[in-house]
2 protein chains.
Amino acid sequence: MQPKFRWIPLGVKGGLDESNLSSHLIAPIDSNKFVCLDAGTVYTGLQAANQKGCFSKIELSTDSGLSTEGTILHHHIMAYLISHPYLDHIEGLTSVSPNDFPKPIMSLQGTIDDIKNLLFNWRLWPNFANSGTPPLLGQYRYIPLKTGESTKVEQTSMSVEAYPLAHGQFTDSTAFLVESDSAYILYMGDTGPDEVEKRSTTQDLWKRIAPLIKSNTLHGIFIETSYPDERPDDQLFSHLTPRWLMHSFHKLASIVDAGNHLEALQGLKVIITHIKPDLSADNTVTETIKRQLFSHNDLSLNLIIAEQGRYYEL
Amino acid sequence: MQPKFRWIPLGVKGGLDESNLSSHLIAPIDSNKFVCLDAGTVYTGLQAANQKGCFSKIELSTDSGLSTEGTILHHHIMAYLISHPYLDHIEGLTSVSPNDFPKPIMSLQGTIDDIKNLLFNWRLWPNFANSGTPPLLGQYRYIPLKTGESTKVEQTSMSVEAYPLAHGQFTDSTAFLVESDSAYILYMGDTGPDEVEKRSTTQDLWKRIAPLIKSNTLHGIFIETSYPDERPDDQLFSHLTPRWLMHSFHKLASIVDAGNHLEALQGLKVIITHIKPDLSADNTVTETIKRQLFSHNDLSLNLIIAEQGRYYEL
C-alpha cells in the first residue's frame, strides 16, 4: 500500500511523564498542513521531533522571527482534535495556548462542554476559547462534531468523522476517522473493551471501518494498550491490555472476512499508543506490554510501537 | 548565613514547555524529607535532577523495586503545597497521581475547592483525592490551611504558613512561609504588583517577613518574573516584570530599614521563577528578563535564576 499520510508522534505515553503524553501530528503525505490528534504534550514533543530532524522532511513556512517549534505551531498545525478531556490528552494544549496561533478545537460536544466548563474557565486556566466564562481570549474556536458526520478541517485537504468510544461512566472518548484523497487513518482515543464497558462502541466502529479495510484504503489504526495482561478487568479503568486488544481485532477480522478471519487483517498497520509506564527500577511493564502484544499477534498485524519525535509514513 | 535548606527545582518556567513547569523540592539541609512546592512538572523534573546527579547528595531510602524517581516520589516527597490551581502549577500532580504514594495536598481552601470541583472530578481526571466526586481513590488527603496559621507538615520537621496573593479576579494565589528549626524560606506563587492588582497582599506579606530579614533567619524568597519590562500593565495577567519586582523589593527594604533602605536587603537570596518563554527563534525574551533583573538590582539582592534539576543550598 502506497503511503498516503505522514505522522509525527509528539507524545506517546499513557501517563506519568509530562514530557511525553498522547499527541500526534497527521497530514496527507504531500502536505505540510497537519492536524494535532490529542494534545497531552505539544511543545516538548515539537522540540523532540525537531532535535531528531523530523522537520527537515517537511517544507516549512519561512517566518524568521519564530523558532522551528513556533513555526509548526503557527503555520503547520491547523486544528486540534481532542478525543476526551482527561488531562494527559489536553495539558499540552493549555501549555501552548498563550503562544499559539488561532485555530479550531474539534471534538464531540461532550468534550467541548468539559473543556469549556472545567478547563478554559479562568479557574484552572484562562479562557483562551471563543465561548464560556468571560473574558474570552478567542485563541481557539470550538467546532462541535456530530457523530458519524464528515467535517472538513479548514485550511487542509482532510476531513474527519467522530465516533464515541466508551471510557467509563463519566465521560466518552472519541475515535477520529481522518480522510484525505479517499485514504483513511483511524485514531482511537482511550477506551476499554466492549465486554468490560458493557457497550458496543468499538464493535460499531469496526463496522464503519471494515469496508475501508476491504477496499485497501485504511492506512492505519491508532489504538491504546495501557496495561499488561496481568491487570484484572475490574482495575482497567476503561483501558486495554494486549490480550483485550487482540480479542477486539479478532472481532474486526471476522467482520472483514468471516470465512478467513486469520488473514483478513494481514499487514494492517496498528499503531500502539498510550502504554502506561510505571516506577519500577527497570521499567519492566512497558517491555512486558510490548512482548505480550507481539506474542499474541496471530493476525499478522503490522504492529508499530509509536515513538516520540520520529517521522513516519503510513 | 549558614545554609539551612536544600532546594531542587523540578521545573522553573512560566509556561509553554510541559517538561519544565513550576515545581520545587525543599527540605531542611540535614533531612531527606521534602515538600513539593507547586507541581507543574514533577516526573520529568525528577528525571532531569537524577540525570544531573542531584540525588547522589541525598541519603535515599532503599526500595529496590523502584527507580530513583519512584523512590523520591514514594519516600521523600511528603506533601504537595499548591499555590493556586492553574494547570502550569498542577498538571504534574495529575501525571504522577496514579503512581504516587499517599500524601497530603496542603493549600488555602479556595485552591482545594477548585482542585476538588474542577480537576479531581472524574471529568478532567480521576478523583485521586479523599473527598469530592465519588468514587474516591484516596491517594491524596486535602489539608486546608488557614491564613497565617502555622501548620506542621507531617513526617517532616517543617511547618508552613500560607498567605493569599492577588492573582486576578477569579482566583487567589498563595505564598508559603516554610519554617524549620527557626529558619525560613518564603515561596511566592504567581502574583501581580499590588498597584496593578489594587490589593495589598504583597505589602502585607512584606510586613510578616520583615522581622525575619532583620533577625537573619530568612534564607530565601522565591518570586516570579513572568514578563520583560516592555509588557504593558494592562497585559500583565497578574504577573511581575523586573521593574515591578524591584519596585516591590524597594518597598520591602523600606519596611526592614527605612533609614537605610538601599542596604537593608543586601545579599538577600531572591530566587527568580516562572520566566515565560516565547517562540522567538533566539529565545530573546528570557535573556531580556534576566538582563533587566540584574541591571535594576540597586539593592544588591543575591539574585538566583532557578535552573531545573540542580541541587542548591539556601
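# Strands, a bent helix and two matching chains

Let's start with one pair of residues: Ile8(A) sits opposite Leu25(A), which belongs to β2(A). Keep in mind that this is a predicted model. From that pair we'll work outwards to the strands, a helix, the whole chain and its second copy.

**Around strand β2**

- The neighbour on one side is strand β1 (residues 5-11) of chain A, which runs antiparallel to β2(A) and is joined to it by six bridges.
- Strand β3 (residues 34-39) of chain A also runs antiparallel to β2(A), this time with four bridges.
- In that second pairing, Ile26(A) faces Val35(A) of β3(A).
- To get from β2(A) to β3(A), the chain makes a hairpin through five residues.
- Is strand β2 (residues 23-28) of chain A mostly covered or mostly open? Mostly covered: six of its six residues are buried.
- Both faces of β2(A) take part, with Ser23(A), Leu25(A) and Ala27(A) pointing one way and His24(A), Ile26(A) and Pro28(A) pointing the other, all of them buried.

**A seven-strand sheet**

- Quick background: strands in a sheet pair up through backbone hydrogen bonds, and they can do that parallel or antiparallel.
- Chain A has an open sheet of seven strands with mixed pairing, and reading across it you meet β7-β8-β9-β10-β11-β12-β13.
- At the edges are β7 (151-152) and β13 (302-305) of chain A, each of which pairs on one side only.
- Inside this sheet, β9(A) and β10(A) are antiparallel partners over six bridges.
- Look for Leu177(A) there: its bridge partner in β10(A) is Leu186(A).

**Helix α6, which has a bend**

- Helix α6 (residues 201-214) of chain A has 14 residues, so at 1.5 Å a residue it should span 20 Å; its end C-alpha atoms are 21 Å apart, which agrees.
- Where does α6(A) bend? At Arg208(A), by about 35°, and Pro211(A), a proline, follows within four residues.
- A handy rule for helices: there are 3.6 residues a turn, so residues three or four places apart point the same way.
- With that in mind, find the buried residues of α6(A): Thr201(A), Thr202(A), Leu205(A), Trp206(A), Ile209(A) and Ile213(A).
- Several elements of chain A help cover those buried residues, including the strands β8 (159-166), β9 (172-180), β10 (183-188) and β11 (218-224).
- Helices α5 (194-197) and α7 (242-256) of chain A are also among the elements covering them.
- After α6(A) comes Asn216(A), which has a positive phi near 55°.

**Chain A as a whole**

- Overall, chain A contains eight helices and 14 strands.
- Its C-alpha trace spans about 55 × 45 × 40 Å along the principal axes.
- A compact globule of 314 residues would have a radius of gyration near 20 Å, and chain A agrees with that because its own value is 19 Å.
- Of those 314 residues, 54% count as buried.
- Among contacts in chain A with a separation of 6 or more, 63% link residues 24 or more positions apart.

**Two copies, one axis**

- Turn chain B by 180°, with a shift of 0.0 Å along the axis, and it can be laid on chain A with an RMSD of 0.0 Å.
- The two copies are therefore related as by a two-fold rotation axis.
- Which residue of chain B comes closest to the rotation axis? That's Ser19(B), with its C-alpha at 2.4 Å.
- Both copies use the same surface, as 100% of the contact residues of chain B recur in chain A.

Methods:
Residues are numbered from 1 along each chain as its sequence is written. Chains are lettered from A and ligands numbered from 1 in the order in which they are written. This is a predicted model: local features need pLDDT of at least 70, side-chain atom pairs count only at pLDDT 80 or more; totals for chains, interfaces and linings use all residues. The radius of gyration is taken over C-alpha atoms; the globule rule is 2.2 Å times the number of residues to the power 0.38. A residue is buried if 20 or more other C-beta atoms lie within 10 Å of its own, exposed if 12 or fewer, and partly exposed in between; C-beta atoms are placed from the backbone. Two residues are in contact if their C-beta atoms, placed from the backbone, lie within 7 Å. The expected span of a helix is 1.5 Å times one less than its number of residues. The bend at a residue is the angle between axes fitted to the seven residues ending there and the seven starting there. Two strands pair if DSSP finds at least two bridges between them. Copies are superposed by least squares on the C-alpha atoms of residues with pLDDT of at least 70 in both.
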